[in-house]
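Subject: Structure for your review

Dear colleague,

Please find below the structure that I am handing over to you. I would be grateful if you could read the notes beneath it with the structure open.

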Amino acid sequence: MVFLKGVSALSRLRSRVKQHSSLSNSVRWLQMQSSSDLDLHSQLKELIPEQQERLKKLRAEHGKVQLGNITVDMVIGGMRGMTGLLWETSLLDPDEGIRFRGLSIPECQKLLPAAKPDGEPLPEGLLWLLLTGKWLMTCPFPPPPQVPSKAQVDALSQELRDRAVVPDYVFKAIDALPVSAHPMTQFATGVMALQVQSAFQKAYEKGISKLKYWEPTYEDALSLIARVPLVASYVYRRMYKDGKFIPMDDSLDYGGNFSHMLGFSSHQMHELMRLYVTIHSDHEGGNVSAHTGHLVGSALSDPYLSFAAALNGLAGPLHGLANQEVLLWIKSVVEECGENISKEQLKDYVWKTLNGGKVVPGFGHGVLRKTDPRYMCQREFALKHLPDDPLFKLVSQLYEVVPPILTELGKVKNPWPNVDAHSGVLLNHFGLTEARYYTVLFGVSRSIGICSQLIWDRALGLPLERPKSVTMDWLENYCKKAKAA
C-alpha cells in the first residue's frame, strides 16, 4: 500500500513537472514577446524571409511534379477542377468548407478574440491570422495559440482607425455619379479615387528593389482595408439616408464601426457585422473577385487598382450580386404566397421558378459539395438572436425543400445552400433592407482576404499571371490527333 502510494505520488509529481515544463515553455514564448509583437508589420518582416526560402525550396525540389491532367472540359468550362493558383491565406475543401490558415469557421469563432465574451470574432483578428498564420502554427513552444492575442488585435484595430482617413476628392468623385447609380459602381469609383495616394506606385516610380515590393504593398493594403468602410458607408448614406454621413467612433472596432457609420446602433447588428465581415473575407483564390485581384496585382498594379478590379468582378450576378438576388426572391415568395406558406406551396413555387428557366438563388456552389459552413454559422446566429423572424422561418423551410428538388432535377452537383442564402435575411431583420447595397458589404469584407494575399504575392515574388489560351480549331485538331494515336 505504501509502495502504491509512493508510485501514485511519483506519478503526480511527474505530471506536475510535465505541466510546469509546458507552462514554462508557454511563459518563455510569452516573455519573448515585445512591443514589436503588437505591430503587424514587424511580424511580417520576420516571417517573410522564412517563407521565401520555403517557396524557393519547393520549386527547386518539386517544380516538375504534375498536379493532374487538364481536360478539354476544364479548358472550355471555366477552368473548374484545375489547380493553377498559389493562395496562402485560405483553402476551400469541397466537403469541409473554407479554412483560414488551417482554421475552420467554428474554430475561428471559438479562438479569435471577440469584442465581448462569447461574441463573434473581430475581423481584425482574422486579418492578423491571414497574414501571419503560418508562423503562429509553427511556433516551437507548446501550446501557444494559433491566433493573435487580444492585445495584438486591439493594437491592429487602433492602427486601422488611425489609417481611416479619406480625402474629400474621393467623396467628390462619388458625388459626380447619379445617386441612382448602382452601389457597387459608386463603391468601385471611390476605391479608384483612393488610388491617388498609393504608396506602392510612388515607391515603384522611385525604383524600389523587388525584394521590398511587399512593404509599400503592405502600406496600401492596410490603408485600403481601413478606408473602405468609410467609402462604403458614404455610398449607403448618400443613396438611402439623404447624404447624412456618420463619422467614425474611435471606441469601436472594425465591424462595429462599419455598422455604426451605416447608421445602426444595435449591439446585435454590430455583432452581425463582425460575423459577416469575418466569414465573407476570403474563400481561396479561384473565385472571380479573388482571382481578379491576384491577376491584376500580378502586373504590379497597386492594391487600389487590383481591388477595384476585384470589385467589378464581385458585382456580377453569378458572384457577389447573388446575395441581393436571394432576398429579392424570398420576398417574391412572400408577396405571392404569404408568410405562412406551407411546404407544398413552397415546393410549387420552387418548381415554378425552375420551370421558368431561372435558378433558385442561394443554392449550389462551384466547389462545395455540402452545406456551406458560412450558411450554418449565420443560421446559428439567427437561432440565437431572431428565431421568430418570419423570413428566417422561410429560409429554414427552403433548407428542407430546395435540396431534394434540385437533386431530383439532376442538373446540379451541389443542391445545398451557400452563404448568400442566409445573409440577406439577417441584414433585413436589423433594418438594412436595401438589397441592392448588399454586395458592397461583401466587397468591404473581401478587402481583407484579397489585400492579405496581395502582400504575400509581393513578398514571395509571384510572377505575372499568363496562362496559355487555345482556339476551338486547335482543340478539335488536338483531339483528332490524340484519337488517331
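The notes that follow treat a sheet, a pocket, a helix and a single residue in turn.

Please bear in mind throughout that this is a predicted model.

The sheet. An open sheet is built from three strands, ordered β1-β2-β3, with antiparallel pairing. Its edge strands are β1, at residues 90–93, and β3, at residues 103–104, each of which pairs on one side only. Four bridges join β1 to β2 (residues 97–100) in the antiparallel sense. As one point of reference for the register, S90 has F100 in β2 as its bridge partner.

The pocket. You may wish to look at the second largest pocket, whose volume is about 320 Å³. Its lining is made up of 17 residues, and those closest to the pocket centre are K210, Y213, R458, G461 and L462. Two helices, α13 (288–297) and α20 (438–459), each contribute at least two residues to this lining. The helix that gives the most is α20, with three residues. Sorted by class, the lining of the second largest pocket comprises nine nonpolar, five polar and three charged residues.

Helix α7. This helix spans residues 168–175, and its buried residues are V170, F171 and I174. Viewed down the axis of α7, these buried residues lie within an arc of 95°, and they therefore line one face of the helix. D168 and K172, on the other side of α7, are exposed. As for the packing partners, the buried residues of α7 pack against two helices, α8 (183–194) and α10 (214–240).

Residue K150. This lysine is located in helix α6, which covers residues 150–163. How accessible is K150? Its relative accessible area is 38%; buried would require under 20% and exposed over 50%, so K150 is classed as partly exposed. Leaving aside residues up to four places away in sequence, K150 touches P113, A114 and L122. In the case of A114, the two residues are 36 positions apart along the chain, while their C-alpha atoms are separated by 8.0 Å.

Should you wish to follow these notes in the viewer, I would suggest taking the four topics in the order given above.

With kind regards

Notes
Residues numbered from 1 in each chain as written. Predicted model: local features only at pLDDT ≥ 70, side-chain atom pairs only at ≥ 80, totals over all residues. Heavy atoms only, no water. Pairing = 2+ DSSP bridges. 1 Å grid on protein atoms, 1.4 Å probe; cavity = no way out; pocket = protein on both sides within 12 Å on 5 of 7 lines; lining within 4 Å. Points joined across faces, edges and corners; volume = space filled by probe spheres on them. Nonpolar A, V, L, I, M, F, W, Y, C, P; charged D, E, K, R; others polar. Buried < 20%, exposed > 50% of the residue type's maximum accessible area, 1.4 Å probe, protein only. Arc of directions from axis to C-beta. Contact = heavy atoms within 4.5 Å.
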